[in-house]
Amino acid sequence: MEVLKKGYNSEILVPVTAILESERFLFLEGEINQSMADEFAKQVMHLVIQDNTTPINVIIDSGGGEVDAGLKICDIVSTCPCKVNAFCFGKAYSMGAIIFESVNGERCLIGNSKLMLHQPSVQGLQHGTAGEVEALSKRLRAKNDFLLSIVADKCKWSLKKLKEETVADRYFEAEEALKLNLVDRIVNFSDLMSF
């Protein structure tokens with residue numbers, strides 16, 4: 001989508017995302033993958049070069065995706081020199097929820113949005129030796145512990161409790177997420193626009 005914007009001498013078409021980025025709003029939408037993570041890194045670097053003190057607001061609406069790509073984004077939002085606020089607007093499931101929990105600023109959930117946490121799954125395993133399956137299982141357990149430790153540290157839960165809660169997909173509505181310290185506050189769209 002493009003909008004008409006007055007230039008110095010004429011009117012020009014500008015992508016909406018460029019206008020929002022100039023106001024320090026970035027979006028993580030859809031499946032999380034390496035391409036998205038790389039583009040997000042470039043956007044954050046650009047904003048930090050422009051101003052390394054004004055907060056960046058990240059709007060998340062994602063069903064999750066690749067763990068390694070998500071961890072790249074976690075590294076950015078947790079160690080960025082300026083504050084990074086996260087807004088769950090729709091859903092932050094799986095890796096989207098881990099990114100949401102990783103920010104160094106506020107974690108805000110908008111209205112009817114939801115978080116979902118679960119154990120990482122394996123795809124494409126059709127056959128293998130008992131040793132290969134055992135090694136894969138060990139790696140998955142370690143990865144699960146690592147990902148859940150990010151959430152446990154932020155929400156002050158024990159890793160043991162969090163593992164018990166996320167044996168299957170575990171959805172958190174706004175009020176429950178607030179009560180369990182998975183979010184810092186529940187906001188509405190007007191609040192988002194005033195950040």
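In the predicted model, strand 3 and strand 4 pair in the parallel sense, and seven bridges join them. Within this pairing, L26 stands opposite V58 of strand 4. The two strands do not stand alone: together with helix 2, strand 3 and strand 4 make a β-α-β unit, and this unit is right-handed.

Helix 2 covers residues 34–50, a run of 17 residues. From its first C-alpha to its last, helix 2 reaches 24 Å, which is close to the 24 Å expected at 1.5 Å a residue. At the start of helix 2, a polar side chain approaches the backbone: a side-chain oxygen of N33 lies within 3.2 Å of the backbone nitrogen of S35.

The buried positions of helix 2 were examined next. Buried residues in this helix are M36, A37, F40, A41, Q43, V44, L47 and V48. A general property of helices is relevant to such a pattern. An α-helix has 3.6 residues a turn, so residues three or four places apart point the same way. The buried residues of helix 2 pack against strand 3 (25–32) and strand 4 (56–65), and also against helix 1 (16–22) and helix 3 (67–79). Strand 3 and strand 4, which belong to the β-α-β unit with helix 2, are thus among the elements that its buried residues contact.

Aromatic side chains were then considered. Across the whole structure, a search finds four aromatic pairs. One of them is formed by F87 and F195, whose ring centres are 4.8 Å apart; their planes meet at 85°, so the pair is edge-to-face. This pair links distant parts of the chain, since F87 lies in strand 5 (residues 84–93) and F195 in the segment after helix 8 (189–193), 108 residues apart. F87 has a relative accessible area of 0% and is therefore buried. F195, with a relative accessible area of 30%, is partly exposed.

The rings of Y93 and Y171 also form a pair, with centres 5.3 Å apart. Because the planes of Y93 and Y171 lie at 85°, this arrangement is edge-to-face. Distant parts of the chain are again linked: Y93 belongs to strand 5 and Y171 to strand 8 (residues 170–172), with the two positions 78 residues apart in numbering. The relative accessible area of Y93 is 16%, so Y93 counts as buried, the cut-off being under 20%. Y171 has a relative accessibility of 38% and therefore counts as partly exposed.

Methods. Residues are numbered from 1 along each chain as its sequence is written. This is a predicted model: local features need pLDDT of at least 70, side-chain atom pairs count only at pLDDT 80 or more; totals for chains, interfaces and linings use all residues. Side-chain values use heavy atoms; hydrogens and water are left out. Helices (H or I, at least four residues) and strands (E, at least two) are DSSP runs, numbered from the N terminus. The expected span of a helix is 1.5 Å times one less than its number of residues. Buried means under 20% relative accessible area, exposed over 50%, partly exposed in between (1.4 Å probe, protein chains only). Contact means heavy atoms within 4.5 Å. A polar contact is a pair of N or O atoms within 3.5 Å; within protein, one must be able to donate a hydrogen and the other to accept it, and residues adjacent in sequence count only if both atoms are side-chain atoms. Two strands pair if DSSP finds at least two bridges between them. A crossover is right-handed if, with the strands pointing away from the viewer, the path from the first strand over the helix to the second runs clockwise. Rings of Phe, Tyr and Trp (its six-membered ring) pair if their centres lie within 6.5 Å; planes under 30 degrees apart count as stacked, over 60 as edge-to-face and the rest as tilted.
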